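Have your viewer ready and follow along, one selection at a time. Each stop tells you what to pick and what you will find there.

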Amino acid sequence: MKILIIEDEELAVRKLSKLLLDLDESIQIVGTCASVRASVAWLNAHSGESAVRPDLILMDIELADGQSFEIFEQTTVSAPVIFTTSYDEYALRAFKVNSIDYLLKPIKRHELEASLDKYKRTHYNQNGAVAGKSETSGGVDIDALVQQLRQHIQPADYRRRFLVKHLQQWVPVEVSDIAYFYSEEGVSLFKTVHNQKFSLDYPLDELEAMLDPAHFFRANRQYIVHINTVQQVHPYFNNKLKLILKPNTDDEVLVSRERATDFKRWMGK
């Protein structure tokens with residue numbers, strides 16, 4: 001099986017390549033691309049009858065120069081595609097059909113194995129050879145599915161304010177006034193830009209889904225930070241990042257090495 005990997009994080013490419021070869025030593029990684037532009041160029045260069053064409057493409061949605069959907073608009077993608085993404089499982093569940101599949105990051109071995117098995121069942125004949133390909137990847141209209149996928153990941157109607165208890169009354173707090181959310185001994189709290197502290201009844205996992213990802217980032221299991229709150233970013237041990245926030249925090253706020261690239265891209269928007 002020949003696989004093309006479209007992914008802009010070098011560490012993710014290495015991990016994914018190792019997972020693939022651990023699962024099936026016969027797999028050939030025929031190419032890796034880190035951007036929309038590079039992917040289009042690679043696919044165009046390998047479109048001829050004598051060219052090495054992939055049997056399967058593993059494609060990250062967010063690339064260095066845009067979203068991978070743009071690839072479909074600029075060239076023909078004839079191989080089946082498995083999207084890799086950080087988007088919520090429920091928003092993408094509809095795309096676990098036929099030759100289109102998705103894997104949530106960080107990619108787990110058993111989920112990758114299940115996706116490869118699904119591909120083999122769909123695209124290999126009884127003799128173990130790759131069945132004929134079509135521009136619609138096994139009878140599925142990729143263009144239509146990509147358009148649906150675009151719609152599924154459009155920004156939701158995010159929370160604009162929270163009603164919180166203060167002394168003996170309830171007061172509204174605008175989300176734009178919140179510096180960061182954090183968890184302390186199982187209780188969800190947030191601090192405002194004016195260093196006021198309030199508690200909330202929502203766990204951080206639910207809060208993360210309520211907040212606009214253009215403004216808020218889940219730094220780790222304990223903190224969700226607003227982009228304007230980040231004052232400094234320092235390299236840290238083992239390729240992590242250490243954040244200095246305003247108002248100051250009682251704990252160190254670290255971004256894991258797996259999320260560091262996403263964080264830097266988010267800060268650069």
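## A walk through the fold

Start with S13 and S14, where the two strands pair in the antiparallel sense over three bridges. This is a predicted model, so treat the tour as a walk through computed coordinates. Select residues 216-218 for S13 and residues 223-226 for S14. Together the two strands form a hairpin, with four residues between them. To find the register, pick Phe216, whose bridge partner in S14 is His226.

Stay on S14 and show its side chains. In a regular strand the side chains alternate between the two faces of the sheet. Here Tyr223 and Val225 point one way, while Ile224 and His226 point the other. Are these residues buried or exposed? All of them are buried.

Next, add S10, residues 178-184. S10 also pairs with S14 in the antiparallel sense, again over three bridges. Phe181 is a good handle here: its bridge partner in S14 is Ile224.

**The parallel sheet**

Now hide that region and bring up another sheet. Which strand order should you look for? Five strands run S2-S1-S3-S6-S7 in an open sheet with parallel pairing. Its edges are S2 (28-33) and S7 (101-104), each of which pairs on one side only. On average, neighbouring strands of this sheet are turned by 20 degrees against each other, direction ignored.

Zoom in on S1 (residues 2-6) and S3 (residues 56-60), which pair in the parallel sense over four bridges. Label Ile6 and you can locate Met59, its bridge partner in S3.

**Helices on the sheet**

Select H1, residues 10-23. H1 packs on the sheet and touches S1, S2 and S3, with its direction at about 160 degrees to that of S1. Then select H5, residues 109-123. H5 lies across S1, S3, S6 (81-85) and S7, and it runs at about 170 degrees to S7.

With both helices shown, look at how they meet. H1 and H5 pack at an angle of about 65 degrees, and their axes are 10 Å apart. H1 passes H5 in a right-handed crossing. To see the contacts, show Leu16, Leu19, Leu20, Asp22 and Leu23 in H1, which meet Arg109, Leu112, Glu113 and Leu116 in H5.

**Into the cores**

Switch to a side-chain view for the largest nonpolar core, which has 19 residues. Which of its residues touch the most other members? They are Ile6, Ile57, Met59, Ile71 and Phe83. S1, H2 (36-45), S3, H3 (69-74) and S6 each supply at least two residues of this core. H2 gives the most, with four.

Centre the view on Ile71 and show what surrounds this residue. Leaving aside neighbours within four places in sequence, Ile71 is in contact with Ile6, Val36, Ser39, Val40, Leu43, Met59, Leu63 and Val77. Apart from this core lies another one, of 18 residues, including Ala179, Tyr182, Leu241 and Trp266.

**Zooming out**

Finally, show the whole protein chain, with its eight helices and 17 strands. Of its 269 residues, 41% are buried. Among contacts between residues at least 6 apart in sequence, 54% join residues at least 24 apart. Turn on the surface to finish: the accessible area comes to about 15,100 Å², and 47% of that belongs to carbon and sulfur atoms.

Methods
Residues are numbered from 1 along each chain as its sequence is written. This is a predicted model: local features need pLDDT of at least 70, side-chain atom pairs count only at pLDDT 80 or more; totals for chains, interfaces and linings use all residues. Side-chain values use heavy atoms; hydrogens and water are left out. Buried means under 20% relative accessible area, exposed over 50%, partly exposed in between (1.4 Å probe, protein chains only). Two strands pair if DSSP finds at least two bridges between them. Axes are lines fitted to C-alpha atoms, for helices over the stretch in contact, and angles run from 0 to 180 degrees between N-to-C directions. Contact means heavy atoms within 4.5 Å. A nonpolar core is a set of buried Ala, Val, Leu, Ile, Met, Phe, Trp, Tyr and Cys residues joined through side-chain atoms within 4.5 Å. Accessible areas come from the Shrake-Rupley method with a 1.4 Å probe; for residues, only the protein chains shown count as cover. A crossing is left-handed if the near helix is turned anticlockwise from the far one by less than a right angle, and right-handed if clockwise.
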